[in-house]
Amino acid sequence: MTREEKSIAIEELTAQLAGTNIIYVSDISGLNAETTSDLRRACFKAGIKLEVVKNTLLAKAMEASDNDYGDLPSVLTGNSAIFISDIANAPGKIIKDFRKKSDKPVLKGAFINSEIYIGDDQLDALATIKSKEELIGEIIGLLQSPAQRVISALQNHFKDEEVA
């Protein structure tokens, strides 16, 4: 890879990183072609971009980015692939699902809304993070519940008055 090609690759990676707040870094080395294809297909269906990257180029793109990736560049050893998503828990769920059949992918780290997660031991926590839509749904449910009780009580009160 020439210096110019590296520069272009870093610019492209920097642009990808700027466009998201959710990045998982994992090791998918050792997966056979069929399993890798299944992983890519699952990512595509979930709206996740999966890309194998060179560690040095990703580290330079993180450095050039406006985001603060903290210690995340320290996990860039060996083979690395990045999962880029709009939903915080989606890559965690996919990795966890694939780990039922294989010991890969191994989570190296993640950057989620300015929070840094390092190590494979964070996978369970990341897979259970609630998405923005799930949180909004829960809040709406909580807000509707008291209002529904008040309406129900008023309706019952007026029914009781009609009977009397």
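Two strands pair if DSSP finds at least two bridges between them. Strands (E, at least two residues) and helices (H or I, at least four) are DSSP runs, numbered from the N terminus. The model is predicted: local features need pLDDT of at least 70, side-chain atom pairs count only at pLDDT 80 or more, and totals for chains, interfaces and linings use all residues. Residues are numbered from 1 along each chain as its sequence is written, and side-chain values use heavy atoms, with hydrogens and water left out.

**Exercise 1. The hairpin**

Task: Describe the hairpin of S4 and S5, and find the residue in it that takes a positive phi.

Solution:
- Start with the pairing. S4 and strand S5 (residues 115-118) run antiparallel, joined by 4 bridges.
- Place one pair. Ile112 is opposite Glu115 in S5.
- Look at the turn. There are 2 residues between the strands, and Asn113 has a positive phi near 45°.

**Exercise 2. The sheet**

Task: Work out the strand order of the open sheet, and say which strands stand at the edges.

Solution:
- Write down the order. The 5 strands run S2-S3-S1-S4-S5, with antiparallel pairing.
- Go to the edges. Strand S2 (49-53) and S5 each have a single partner strand, so one side of each lacks a neighbour in the sheet.
- Add the twist. From one strand to the next it averages 20°. Axes are lines fitted to C-alpha atoms, for helices over the stretch in contact; angles run from 0 to 180 degrees between N-to-C directions.
- Check a pairing inside the order. Strand S1 (residues 22-27) and S4 are antiparallel over 6 bridges. Within that pairing, Ile23 has Phe111 of S4 as its bridge partner.

**Exercise 3. Burial of S4**

Task: Is strand S4 largely enclosed or open, and why?

Solution:
- Set the scale. Buried means under 20% relative accessible area, exposed over 50%, and partly exposed in between (1.4 Å probe, protein chains only).
- Count. In S4 (residues 106-112), 6 of the 7 residues are buried, so the rest of the structure largely encloses this strand.

**Exercise 4. Helices on the sheet**

Task: Which strands do helices H1 and H4 meet, and at what angles?

Solution:
- Fix the criterion. Contact means heavy atoms within 4.5 Å.
- Take H1 (residues 3-18). This helix lies across S1, S2 and strand S3 (80-84), at about 145° to S2.
- Take H4 (residues 90-98). This helix packs on the sheet and touches S1, S3 and S4; its direction makes about 25° with that of S1.

**Exercise 5. Salt bridges**

Task: Count the salt bridges, then analyse the pairs of Lys104, Glu51 and Asp124.

Solution:
- Apply the rule: a side-chain nitrogen of Lys or Arg within 4 Å of a carboxyl oxygen of Asp or Glu. The count comes to 6.
- Lys104 bridges to Asp27, with the closest N and O atoms 3.3 Å apart. Lys104 sits in the loop between H4 and S4 and Asp27 in strand S1, so the pair ties together parts 77 residues apart in sequence. Both Lys104 and Asp27 are buried.
- Glu51 meets Lys49 at 3.6 Å, N to O. Glu51 is partly exposed at 25% relative accessible area. Lys49 is partly exposed too, at 40%.
- Asp124 bridges to Lys96, the closest N and O atoms being 2.9 Å apart. This pair links distant parts of the chain: Asp124 is in helix H5 (residues 123-127) and Lys96 in helix H4, 28 residues apart. Relative accessibility is 46% for Asp124, which is partly exposed. Lys96 is partly exposed at 34%.
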